[in-house]
Amino acid sequence: RSLRLPVSAISQNSTTAESKDALKRALAKRAVGLVKSGMVIGLGTGSTASVVVEELGKLIRQGQLKDIFAVAANYQSRILAKQFGVKTVDLNDVNAIDIAFDGADEVDFNKNLLKGGGAAHTMQKVIDSVAKECVILVDHAKVVRQLGSTSPVPVEVLPPAISPVLRQLATLGGVPEVRLALRKDGPVVTDLGNMMVDVRFSNGIQNAAELERRINMIPGVVENGKRIFCSSHATFLHIHCVVGILS
Ligand code: 5RP
């Protein structure tokens, strides 16, 4: 099932930060409209997923949604959920997730995603794969013909294995770089205690499924940010791709 969302409230051909925020808000409002009382929700992370948390919190506070519990992908989402009055539970304490909301860094026309800009993709992939339905919220700028066009492939790596993993990633034709913290005073450390490597593919990614498999076969790799929503998965994972159109 695919949901394409024209957002008439957003001014045409406008890509200002303000209009992008308005678009995220409109997408989030539409997405939380799919939630019903009693559901267990999966929460991704990032600026788009954060707006979903806010909108979910509003519906809970207004009494329109009751008995909602959320499984958050990382500490940031968990803290945000608490702040907006969305109760959280651990993934291991629930048998299923009814619906998961997440953003993405890139989406191709087959709904393959590139995730991990926020270094939280490992648990996002676990949560999204457990969810009966998964709603990915992206604007038109994230939709690409070929994955890897604008973003690198994030790879979460066990710190003691960083050098051999970097060498192996280079043999796949990419240019791997350890992700540094904003102040560049050390590497980014994920919530799971690992390092992040971003791998750039100058010609984009030719065969996304094969690349995902090969990266995840490298000993020391925890998970990569390539996520495949191929049609064979559609029988057990229902994807809504909510795309807001700005132009
Ligand atoms: C974090 C992610 C995010 O979903 C992705 O980076 C998109 O973020 P934003 O909504 O801020 O553009 O995968 O690991």
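The following exchange examines how the descriptions of this predicted model are justified.

Me: What makes a residue of the protein count as buried, and what percentage of the residues do so?

Reply: A residue is buried if 20 or more other C-beta atoms lie within 10 Å of its own. Of the 247 residues of the protein, 44% count as buried.

Me: Which residues of α1 are buried?

Reply: In α1, Leu23, Lys24, Ala26, Leu27, Ala28, Ala31 and Val32 are buried.

Me: How do you know that the span of helix α1 is close to the expected one?

Reply: The expected span is 1.5 Å times one less than the number of residues. Helix α1, residues 17-32, has 16 residues, and the expected value is 22 Å. From its first C-alpha to its last the helix reaches 22 Å, close to that expectation.

Me: Why is β11 called mostly covered?

Reply: The term rests on the burial count: 5 of the 6 residues of β11 are buried.

Me: What makes β9 and β11 a pair?

Reply: Two strands pair if DSSP finds at least two bridges between them. β9 and β11 are joined by 5 bridges in the antiparallel sense, so they satisfy the criterion. Within this pair, Val155 stands opposite Val197 in β11.

Me: How do you know that β10 and β11 pair, and that β9 and β12 pair?

Reply: β10 and β11 have 4 antiparallel bridges, and strand β9 (residues 153-157) has 3 with β12, also in the antiparallel sense. Each count meets the requirement of at least two bridges, and therefore both are pairs. Val175 has Arg200 of β11 as its bridge partner, while Val157 stands opposite Val221 in β12.

Me: In what order do the strands of the open sheet that includes β10 and β12 lie, and why are these two called edge strands?

Reply: The 4 strands lie in the order β10-β11-β9-β12, with antiparallel pairing. β10 (175-178) and β12 (221-224) are the edge strands, as each pairs on one side only. From one strand to the next, the twist averages 25 degrees.

Me: What makes α5 a helix that packs on the sheet, and how does α4 lie?

Reply: Helix α5 (residues 162-171) touches β9, β10, β11 (195-200) and β12, and its direction makes about 15 degrees with that of β11. α4 lies across β9 and β12, running at about 65 degrees to β12.

Me: Which strands stand at the edges of the sheet with the order β6-β7-β13, and why?

Reply: In this open sheet of 3 strands, the pairing is antiparallel. β6 (106-107) and β13 (226-227) stand at the edges because each has a single partner strand, so one side of each is left without a neighbour in the sheet.

Me: How do you know that β6 and β7 pair?

Reply: β6 and strand β7 (residues 113-114) share 2 antiparallel bridges. The criterion is at least two, so they qualify as a pair. Val107 stands opposite Leu113 in β7.

Me: What makes up the shell around the ligand, by residue and by class?

Reply: The ligand is surrounded by 18 residues, of which the closest are Gly46, Thr48, Gly103, Gly117 and Gly118. By class, the shell has 4 nonpolar, 11 polar and 3 charged residues. Glycine counts as polar in this scheme.

Me: Which helices supply at least two residues of that shell, and which gives the most?

Reply: α2 (47-61) and α4 (121-130) each supply at least two residues, and α2 gives the most, with 3 residues.

Definitions and conventions. Residues are numbered from 1 along each chain as its sequence is written. This is a predicted model: local features need pLDDT of at least 70, side-chain atom pairs count only at pLDDT 80 or more; totals for chains, interfaces and linings use all residues. A residue is near a molecule or strand if its C-beta atom, placed from the backbone, lies within 6 Å of it. A residue is buried if 20 or more other C-beta atoms lie within 10 Å of its own, exposed if 12 or fewer, and partly exposed in between; C-beta atoms are placed from the backbone. Axes are lines fitted to C-alpha atoms, for helices over the stretch in contact, and angles run from 0 to 180 degrees between N-to-C directions. Two residues are in contact if their C-beta atoms, placed from the backbone, lie within 7 Å.
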